[in-house]
Amino acid sequence: MNLLHCHWLNEPASWKHQEDELHVTTDNQTDFWRDTWYGFQRHSGHIFGCYVDDSLIEGGFTFQLCIEGGFEQLYDQAGMMLLVDEHRWLKAGIEYSDGQSTIGSVLTDPYSDWAMGTFLGNPDKFWLRLTYQEEAIRLQYSMDGVTWPLLRLAPFVIDKPGNQPVFVGAMCCSPEREGLQVKFSEFTLVSSLKKHLHDLS
């Protein structure tokens, strides 16, 4: 995945791109959320990525990256996102909640859910992997870039290639403040790895 071919959705005021690394500082009160519990809609978070080629959508694809950040205030978050439109998307990563950094995901179709759990490793550096194939999303995380436990498996139908663009990329938000600093690296977007569901490699 060549970062020179990537672009922003909701570009932040402060960011820089160095070789294969992306450094971002979030803008004030940025977030992605639709309706559930809170009743509001937010689509102001930052995503840096690219549209997925039709051939990859048809055969399936895997998107992976490394995330490093200092999560300190409520709802600070960074990770990855798959976006079809404002009503259908998935975001995943570390989010600061209940006084700690948690690992979780939000699937919106068209309402947002929120699933999270305790992150047992170092939340300041972790990896995420998203695989789309056979009308489903397999989401994995890693504490070392080697072992990849399952974080989520969810049905998600993307229209036939060419009907609607699909965007994948690095995501970060800070709903209660500005100034969350994040570094993204090791971007890859390839054909689906097609690994067994319980293959942790």
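This briefing walks through the salt bridges, paired strands, a surface patch and a few single residues of the structure above. Keep in mind that this is a predicted model. The structure holds six salt bridges, and three of them are picked apart below. After those come the hairpins around β9, a nonpolar patch that includes Trp114, and a quick look at Lys195, which sits in the segment after β16.

**Salt bridges**

- Some background first: side chains of opposite charge can pair when their charged atoms come close.
- Lys183 and Glu68 make one of the bridges, with 3.3 Å between their closest N and O atoms. This pair links distant parts of the chain, since Lys183 belongs to strand β16 (residues 181-191) and Glu68 to strand β7 (residues 61-69), 115 residues apart.
- How covered are these two? Lys183 has 22% relative accessibility, so it counts as partly exposed. Glu68 also counts as partly exposed, because its relative accessibility is 22%.
- Asp76 pairs up with Arg177, and here the closest N and O atoms are 2.6 Å apart. Asp76 is in the loop between β7 and β8 (77-85), while Arg177 is in the loop between β15 (167-173) and β16, so this bridge ties together parts that are 101 residues apart in sequence.
- Are Asp76 and Arg177 buried or exposed? Both of them are buried.
- Asp109 forms a salt bridge with Arg88, with the closest N and O atoms 3.0 Å apart. Asp109 comes from the loop between β10 and β11 and Arg88 from strand β9 (residues 88-97), so the pair ties together parts that are 21 residues apart in sequence.
- There's a network too: salt bridges with shared partners join Glu21, Glu68 and Lys183.

**Arg88 and its partner Asp109**

- Arg88 has its place in strand β9. Its relative accessibility is 18%, and since buried means under 20%, Arg88 counts as buried.
- Asp109, on the other side of the bridge, is partly exposed, with a relative accessible area of 41%.
- The side chains of Arg88 and Asp109 are also joined by a polar contact of 3.0 Å.
- What else does Arg88 touch, leaving aside its neighbours within four places in sequence? Arg88 is in contact with Leu83, Thr108, Asp109, Phe156 and Val157.

**Strands and hairpins around β9**

- β9 is mostly covered, with 10 of its 10 residues buried.
- On one side, β9 pairs with β8 in the antiparallel sense over eight bridges. Ala78 stands opposite Ile94 in β9, and the hairpin that joins β8 to β9 does so through two residues.
- β9 also runs antiparallel to β10, and nine bridges join the two strands. Leu90 has Leu107 in β10 as its bridge partner.
- The hairpin of β9 and β10 has two residues between the strands, and Asp98 in its turn has a positive phi of about 55 degrees.
- How many bridges join β10 to β11? There are four, and these strands run antiparallel as well.
- Thr102 stands opposite Thr118 in β11. β10 and β11 form a hairpin too, with six residues between them.

**The nonpolar patch and Trp114**

- Which residues make the nonpolar surface patch of about 510 Å²? They are Trp37, Tyr38, Trp114 and Met116.
- Trp114 is found in the loop between β10 (100-108) and β11 (115-118).
- Trp114 counts as partly exposed because its relative accessibility is 31%.

**Lys195, after β16**

- Lys195 is partly exposed, with a relative accessible area of 32%.
- Once its neighbours within four places in sequence are left aside, Lys195 is in contact with Arg138 and Ser201.
- The side chains of Lys195 and Ser201 share a polar contact of 3.1 Å.
- Lys195 and Thr131 are 64 residues apart in sequence, and their C-alpha atoms are 9.6 Å apart in space.

Key:
Residues numbered from 1 in each chain as written. Predicted model: local features only at pLDDT ≥ 70, side-chain atom pairs only at ≥ 80, totals over all residues. Heavy atoms only, no water. Patch = residues over 30% accessible without salt bridge, like charges linked within 9 Å, V, L, I, M, F, W, Y side chains within 5 Å. Areas by Shrake-Rupley, 256 points an atom, 1.4 Å probe, with all protein chains shown as cover. Salt bridge = Lys/Arg side-chain N within 4 Å of Asp/Glu carboxyl O. Buried < 20%, exposed > 50% of the residue type's maximum accessible area, 1.4 Å probe, protein only. Pairing = 2+ DSSP bridges. Polar contact = N/O pair within 3.5 Å; in protein donor to acceptor, adjacent residues only side chain to side chain. Contact = heavy atoms within 4.5 Å.
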